[in-house]
Amino acid sequence: MTRVHVDLERCVGSGSCEMLAPDLFEVGDEGVVRVLRPLGGDDDLALAQDAVSGCPTQALSLVD
Amino acid sequence: MDAVAVPGSSGPAAPQVEPLDLDHLDLDQLDLSDRDFWGRPPVERHAVFDLLRRERPFAFYEDPEVPMLEPGPGYYVVTRFADLEAISSQPAIFCSGKGAVSIPDLPADLSEFYGSMISMDDPRHAKIRRLVSKTFTPRMLERVVDSVRAIVDDVLAAARAKAEAGDGTIDVVSDIAAPIPLRVICDMMGIPEADRAMVLRESNIILSGGDPELIENQDDPLTAVLEAGIAMGALMERLAAERVENPRDDLTTALVTTEVDGERLTHQEIASFFILLLVAGNETTRTAISQGVLALSRYPEQRAAWAADPGLDRTAVEEIVRWASPITWMRRTATQDGDLHGHHYSAGDKFLLFYAAANRDPEVFDDPHVFDLARDPNPHVGFGAKGPHFCLGAHLARREIAVTFRALFDQMPDLDVTGEGDRLRSSFVNGLKRLPARLTGAR
């Protein structure tokens, strides 16, 4: 099942993913992103893909 | 930040420039290092960008002449979106550490004030950035939004009072676009009221690009910029000492008390970071708001559509940032030899990433010269392109812009822009110094 991988070395907490998909991502108090829940279906997958391509620091990727 | 990027050799009296013949542009006759080029109307600037993008995607220019600075070896102008993104997203090959906000390398005393994380590479950059990124998370900003609304309401009320007390006119820049981000960032950093006028004045000098109106002594623009840094540094000293004694819930406290990997930031790092936040927090959002107001006055049908539909907020804000491209460029320097999209480069080569040009690249944007508040998708690089230096304050800026325009529609439907405004003669900031307007509802 596809999930989102976060590279914490790259994440700078810009929050672009949270803006694109607030149900899936949240930048926490530590200043880096958390994935809030597993991807549910095609809608989630599409949102996650937007977030991956929209991440300015290429910190997100999708893994199977 | 752009301490020495631009000061050119032209004197205070701006020569009346002949309009460019846009159908017969001669790239060999145009010099992007000449400050007068940046005083030209936007339509001419973008015509030149279009031509560079098509015909000379890596155009080479000599370093601008800056009094008292050794000219460097020249630089390449990057105007195509794909080239710009490739450079920005490979920070190991195209570094920021040789200087990101200045074409010539900065002398040591200026680096002290302006050598902030914007001109640093990882891993140091990442550590320092993480310090403040906590304060700029979308969730933290939700708490700031209410105060942004109050600030905007207050500023607009004061502007209306001024118009009504006077002849019905205001200056969109000094009465609306400047005070809003100034108050927001000063609140976040805990700058006392009494120091804010100074912060605005020195920020203007630091990002003046050597504009003669802001820097009187044209033979020695560096000293004015250096003195502005010293004044800001002195403010930081005072506040830092107070915050160590009495920590508060503000950014300045975070800067002076937080440890990164067990070490405090150095005095120099704190000073330059403090200046970066103040200057970046002020000048960029001001430019987006003032250029946005100007654009809406030129495209009244777009203005009407947005005013009627808050659902447009998200795309409208992005289009304003694309259209305004408040920061025109940042610099990167090659750390090794290589090839990029057919262009051979050598270690030490300097590249200026022209966000303003990439944001009108027809390969990426349909009808790039059309101002379309519903544009979606809009993968603009107005906050920087992919890479570790993407704008830290992007969310704050988006909030400030959205709240400001909604308040303008609600509270100032009678705002009538009466001129084109005075452009800052800077290659680095697409600023307006003044934008005259009238409140038709004022007596």
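**Burial, sheets and backbone geometry**

Q: Which residues of H5(B) are called buried, and what makes a residue buried?
A: In this predicted model, the buried residues of H5(B) are Pro138(B), Leu141(B), Val148(B), Ile151(B), Val152(B), Val155(B), Leu156(B), Ala159(B) and Ala163(B). A residue earns the term if 20 or more other C-beta atoms lie within 10 Å of its own.

Q: How do you know that the span of helix H5 (residues 138-165) of chain B agrees with its number of residues?
A: The helix has 28 residues, which at 1.5 Å a residue should span 40 Å. The C-alpha atoms at its ends are 39 Å apart, and the two values therefore agree.

Q: Where does H5(B) bend, and by how much?
A: The bend is about 35 degrees, at Val144(B). That value is the angle between axes fitted to the seven residues ending there and the seven starting there.

Q: Which strands does H5(B) lie across?
A: H5(B) lies across E4 and E14 of chain B, and runs at about 135 degrees to E4(B). Both strands belong to an open sheet of three, ordered E4-E14-E11 (chain B), in which the pairing is antiparallel.

Q: Why are strand E4 (169-171) and strand E11 (415-417) of chain B said to stand at the edges?
A: Each has a single partner strand, so one side of each is left without a neighbour in the sheet. On average, neighbouring strands of this sheet are turned by 35 degrees against each other, direction ignored.

Q: What makes E4(B) and strand E14 (residues 436-439) of chain B a pair?
A: Pairing requires at least two bridges, and three bridges join these antiparallel strands. Ile170(B) has Ala437(B) in E14(B) as its bridge partner.

Q: What is the strand order of the five-stranded open sheet of chain B, and which strands are its edges?
A: The order is E1-E2-E10-E7-E3 (chain B), with mixed pairing. Strand E1 (58-61) and strand E3 (94-95) of chain B are the edge strands, since each pairs on one side only. E1(B) runs antiparallel to strand E2 (residues 75-78) of chain B, and four bridges join the two. Among the residues concerned, Phe60(B) has Tyr76(B) in E2(B) as its bridge partner. Helix H2 (residues 81-88) of chain B lies across E2, E3, E7 and strand E10 (350-354) of that chain, at about 120 degrees to E10(B).

Q: Why is Ser325(B) called buried or exposed?
A: Ser325(B) has 24 C-beta neighbours inside 10 Å and therefore counts as buried, the cut-off being 20 or more. Its phi is positive, about 35 degrees, although it is not a glycine. Ser325(B) lies in the loop between helix H13 (313-324) and strand E7 (329-334) of chain B.

Q: Why is Asp367(B) called buried or exposed?
A: With 10 C-beta neighbours inside 10 Å, Asp367(B) counts as exposed, because the term applies at 12 or fewer. Asp367(B), not a glycine, has a positive phi of about 40 degrees and is placed in the loop between H14 and H15 of chain B.

Q: What makes the peptide bonds that lead into Pro123(B) and Pro377(B) notable?
A: Most peptide bonds are trans. The bond from Asp122(B) to Pro123(B) is cis, with omega near 10 degrees, and that from Asp376(B) to Pro377(B) is cis, with omega near 0 degrees. Pro123(B) lies in the loop between helix H3 (108-114) and helix H4 (124-133) of chain B; Pro377(B) is in the loop between helix H14 (355-358) and helix H15 (394-411) of chain B.

How values were computed:
Residues numbered from 1 in each chain as written. Chains lettered and ligands numbered in written order. Predicted model: local features only at pLDDT ≥ 70, side-chain atom pairs only at ≥ 80, totals over all residues. Contact = placed C-beta atoms within 7 Å. Axes fitted to C-alpha atoms, helices over the stretch in contact; angles between N-to-C directions. Expected span 1.5 Å × (residues − 1).
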